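Hi,

Here is the structure I said I would pass on to you. Have a look at it first, and then read my notes underneath.

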Amino acid sequence: VVSSLVHATIDTNELLTSILEASTEHCILAIDLLGIILMWNEGAHRTYGYEAREMVGQKKIDELFPAQERTPRKLLEINALVRHGKWEGLLNQQRQNGQIFPAHIIITPRRDEKEQVVGLLIISNDVSRDIVLEDLQFEELKVAQFYTRSLIEANIDILIVTDTKGIITDINHQMCE
């Protein structure tokens, strides 16, 4: 049996368009050096509420930030970091309906064939659900710690907790007495 390799020719634009359309959980935006939005995917539509036709070539990226986040110093800081590589962090964003939400954002420079920065690529994700879950887990942990501490303190016997090296890590009130 003779096997042969078949080389498939992939249209890069078609592939990129497919990736953008399939990315519904992540916002993928491209902007020029003036901040004008050049690309807006379905994930951005679902997150922010704007249609692509409302944003592409019509709006600047700073319109997605709440007014208090639009400080020139903050934008200059991000812009300076991006020109040297990438910037990643949490920033508040604003939906079309005015709701403010935290987003994990990665910003990288877009370069032309001469390696000159011509704009930015922004990939972001709404992390408000993750933060709510973390807060709930933290509250559950606090309740569990309070319950455990209550059991330790309610005991009439002396209780001492040590680590594997024998170092005391916790005692109850009876031990102090």
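Below is what I found, going from the core to the strands and then to a few single residues.

One thing to keep in mind: this is a predicted model.

Let's start inside. The largest nonpolar core is made up of 20 residues. If you want to find it on screen, pick out Leu29, Trp40, Tyr48, Ile61, Leu64, Ile105 and Ile122, as these have the most contacts inside the core. Several elements each put at least two residues into it: strands β1 (27–32), β2 (37–40), β3 (87–94), β4 (100–111) and β5 (117–126), along with helix α2 (42–48). The largest share belongs to β4, with four residues. As general background, nonpolar side chains in soluble globular proteins tend to be buried together.

Now for the strands. β3 and β4 pair in the antiparallel sense, and eight bridges hold that pairing. Among the facing residues, Gln94 sits opposite Ile100 in β4. The two strands make a hairpin with five residues between them, and in its turn Gly98 has a positive phi of about 95 degrees. On to the next pair: β4 and β5 also run antiparallel, joined by nine bridges. Their hairpin has five residues between the strands too, and here Glu115 is the one with a positive phi, near 65 degrees.

Ile105 is a good residue to click on, as it ties these two parts together. Ile105 lies in strand β4 and is one of the core residues with the most contacts. Is Ile105 buried or exposed? Its relative accessibility is 3%, so Ile105 counts as buried. Its bridge partner in β5 is Ser124. Those two are 19 residues apart in sequence, yet their C-alpha atoms are 4.3 Å apart in space. Which residues does Ile105 touch, leaving aside neighbours within four places in sequence? The list runs Trp87, Glu88, Gly89, Leu91, Gln93, Ile122, Ile123 and Ser124.

Next, helix α2, where you will find Thr47. Thr47 has a relative accessible area of 10%, which means that it is buried. Setting aside neighbours within four places in sequence, Thr47 is in contact with Cys27, Arg95, Phe101 and Asp126.

Further along the chain, Ile152 sits in helix α5 (residues 128–154). Why does Ile152 count as buried? The cut-off is under 20% relative accessible area, and Ile152 is buried because its value is 18%. Again leaving out neighbours within four places in sequence, Ile152 is in contact with Leu159, Asp170 and Asn172. Of these, Asp170 is 18 residues from Ile152 in sequence, with 9.7 Å between their C-alpha atoms.

Finally, the surface. Ile158, Ile160, Ile168, Ile171 and Met175 form a nonpolar patch there, with about 430 Å² of accessible area together. One of them, Ile160, belongs to strand β6 (residues 160–162). Ile160 has a relative accessible area of 43%, so it is partly exposed.

If you'd like a route through the model, I'd start at Ile105 in β4, step across to Ser124 in β5, and finish at the nonpolar patch on the surface with Ile160 and Met175 among its members.

Cheers

Notes
Residues are numbered from 1 along each chain as its sequence is written. This is a predicted model: local features need pLDDT of at least 70, side-chain atom pairs count only at pLDDT 80 or more; totals for chains, interfaces and linings use all residues. Side-chain values use heavy atoms; hydrogens and water are left out. A nonpolar core is a set of buried Ala, Val, Leu, Ile, Met, Phe, Trp, Tyr and Cys residues joined through side-chain atoms within 4.5 Å. Buried means under 20% relative accessible area, exposed over 50%, partly exposed in between (1.4 Å probe, protein chains only). Contact means heavy atoms within 4.5 Å. Patches are made of residues with over 30% relative accessible area and no salt bridge: like charges are joined within 9 Å, nonpolar side chains (Val, Leu, Ile, Met, Phe, Trp, Tyr) within 5 Å. Accessible areas come from the Shrake-Rupley method with a 1.4 Å probe; for residues, only the protein chains shown count as cover. A salt bridge is a side-chain nitrogen of Lys or Arg within 4 Å of a carboxyl oxygen of Asp or Glu. Two strands pair if DSSP finds at least two bridges between them.
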